[in-house]
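Reader: Please take a close look at the pockets. I want their volumes, their linings and the elements behind them.

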Amino acid sequence: LDKSLSVFYAQPQIQSFSRELIAQFKLGAGTTQVGLVEFDTEANVLTELTDSTQVVEAAIDSASEASGKTSISEGLRLGLQVAQGTGSRAGAMKVMLLLTDGKQTTVGGDATAIEQATVNKLAGVTLVAVGFGSADPLTLD
């Protein structure tokens, strides 16, 4: 979840969209698990992989107020750690959904975000980028 200053205006809608999206999945042992990472200049884990809808919803609600620059690469880096970390199941499909409104505005710019996306893909993660507002389609492709 992008929580950089540029999404301040839309943060409630992003959280609402996230809750609605999670409600579409059947979470449970042996089925779908969800982890959640927020990012601005830095990234933070809101929850490791879990099969509890309540834990994920609480994590969405606990997201900190939007601030800072946009480091898509940090969100992707930490997201990969979550996908491969506690609770990860061997052989399970790993899909990462990136919600962002912008370009990488921290060190390295978009090239760094694209480089990290390549690392995630090579690790077997399917990336789905959802851009809103002024998101750069070239970065999100």
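Author: The largest pocket comes first, then the second largest.

This is a predicted model, where local features need pLDDT of at least 70, side-chain atom pairs count only at pLDDT 80 or more, and totals for chains, interfaces and linings use all residues. Residues are numbered from 1 along each chain as its sequence is written, and side-chain values use heavy atoms, with hydrogens and water left out.

About 820 Å³ of space lies in the largest pocket. A pocket here is an open set of points on a 1 Å grid over the protein atoms alone, where a 1.4 Å probe fits, with protein on both sides within 12 Å along at least five of seven lines. A volume is the space filled by probe spheres set on the points, which are joined across faces, edges and corners.

The lining of the largest pocket counts 31 residues; lining residues have an atom within 4 Å of a point. Nearest the centre are Val34, Gly35, Val95, Met96 and Leu97. Two or more lining residues come from each of α1, β1, α2, α3 (72-84) and β3 (94-100). Helices (H or I, at least four residues) and strands (E, at least two) are DSSP runs, numbered from the N terminus. β3 gives the largest share, six residues.

The second largest pocket has a volume of about 200 Å³. Its lining has 15 residues, with Ala117, Leu127, Thr139, Leu140 and Asp141 closest to the centre. α3, α4 (109-122), β4 (125-131) and α5 (137-140) each give two or more residues. α4 gives the most, with five.
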